[in-house]
Amino acid sequence: MEQQVHFLTLATADLDAARRFYVEGLGWTPLLDVPGEIVFFQVAPGTVLAFFETGSFARDLGTGPARPEVSGVTLAHNVADRPAVAALAARMAAHGGTVLTPPEEGAFGGVFHALVRDPNGVVWEVAHNPGWSVDPDGTVRLAQPD
């Protein structure tokens, strides 16, 4: 298997709130939007983030007593500088997000970040990390902290 992930699908109890947050709040354009069921966003070359209505998500997993559960997950978005962290966290809050951690120095690697929960509980880290860079081809470069 190639080292790639093409789809990230998150169950959402309130698909309309998710749509408003990502479309109106963040200005994202849906790749495909099926009202009442699922909305897809292309987030990188070859990578799609989807929000799937909870009932449809459960039916898609099939029946059975064991359902996979995920916890301790964040999505991260890196910005160019510290003021952009505060600006994006404020924009997210203005469109239904909840700031969990206001912009502050992080505990790891020189990062300056904020944590914001979207209307469905997805936690985003909005960060500026001077040790990170992204090449024009999309390759992420991570510097080892001192």
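**Exposure, salt bridges and a pocket: how the labels are earned**

Biologist: Why is Glu105 called partly exposed?

Modeller: Glu105 has a relative accessible area of 46%, and the label follows because buried means under 20%, exposed means over 50%, and partly exposed is what lies in between, with a 1.4 Å probe and only protein chains taken into account. The model is a predicted one, in which local features need pLDDT of at least 70 and side-chain atom pairs count only at pLDDT 80 or more, whereas totals for chains, interfaces and linings use all residues. Residues are numbered from 1 along each chain as its sequence is written, and side-chain values use heavy atoms, with hydrogens and water left out.

Biologist: What makes the contact between Glu105 and Arg82 a salt bridge?

Modeller: A salt bridge is a side-chain nitrogen of Lys or Arg within 4 Å of a carboxyl oxygen of Asp or Glu, and the closest N and O atoms of Glu105 and Arg82 are 2.5 Å apart, so the pair qualifies. Glu105 belongs to strand 6 (residues 98–105) and Arg82 to helix 3 (residues 82–94), so this pair ties together parts that are 23 residues apart in sequence. Helices (H or I, at least four residues) and strands (E, at least two) are DSSP runs, numbered from the N terminus. Arg82 is itself partly exposed, at 35% relative accessibility.

Biologist: How many salt bridges does this rule give, and which residues are linked in a network?

Modeller: The count comes to four salt bridges. Asp16, Arg19 and Asp33 are the residues linked in a network, and within it the side chains of Arg19 and Asp33 meet at 2.7 Å, N to O. That pair links distant parts of the chain, with Arg19 in helix 1 (residues 15–25) and Asp33 in strand 2 (residues 32–34), 14 residues apart.

Biologist: How do you know whether Arg19 is buried or exposed?

Modeller: Arg19 has 16% relative accessibility, and because this falls under the limit for burial, Arg19 counts as buried. Its partner Asp33 has a relative accessible area of 30% and is therefore partly exposed.

Biologist: What makes Arg141 and Asp135 a salt bridge?

Modeller: The closest N and O atoms of Arg141 and Asp135 are 2.7 Å apart, which satisfies the rule. Arg141 is partly exposed at 45% relative accessibility, and Asp135 is also partly exposed, with a relative accessible area of 23%.

Biologist: Why is Pro130 called exposed?

Modeller: Pro130 has a relative accessible area of 61%, and so it is exposed; this residue lies in the loop between strand 8 and strand 9.

Biologist: Which residues make the nonpolar surface patch, and what qualifies a residue for a patch?

Modeller: The patch, about 410 Å² in area, is made by Trp132, Val134, Val140 and Leu142, and strand 9 and strand 10 (140–142) are the elements that give two or more residues to it. Patch residues need over 30% relative accessible area and no salt bridge, with like charges joined within 9 Å and nonpolar side chains (Val, Leu, Ile, Met, Phe, Trp, Tyr) within 5 Å. Trp132, which lies in strand 9, has 41% relative accessibility and therefore counts as partly exposed.

Biologist: What lines the largest pocket, and what makes a space a pocket?

Modeller: The largest pocket holds about 1000 Å³ of space, and 28 residues line it, the closest to its centre being Val43, Ala44, Thr47, Ala76 and Val140. Strand 3 (38–44), strand 4 (47–53), strand 5 (74–78), strand 8 (123–128) and strand 9 (132–134) are the elements that give two or more residues to this lining. On a 1 Å grid over the protein atoms alone, a pocket is an open set of points where a 1.4 Å probe fits, with protein on both sides within 12 Å along at least five of seven lines, and lining residues have an atom within 4 Å of a point. The largest share of the lining, five residues, comes from strand 5.

Biologist: How do the residues of that lining divide by character?

Modeller: They divide into 15 nonpolar, 12 polar and one charged, where Ala, Val, Leu, Ile, Met, Phe, Trp, Tyr, Cys and Pro count as nonpolar, Asp, Glu, Lys and Arg as charged, and the others, Gly among them, as polar.

Technical notes. Points joined across faces, edges and corners; volume = space filled by probe spheres on them. Areas by Shrake-Rupley, 256 points an atom, 1.4 Å probe, with all protein chains shown as cover.
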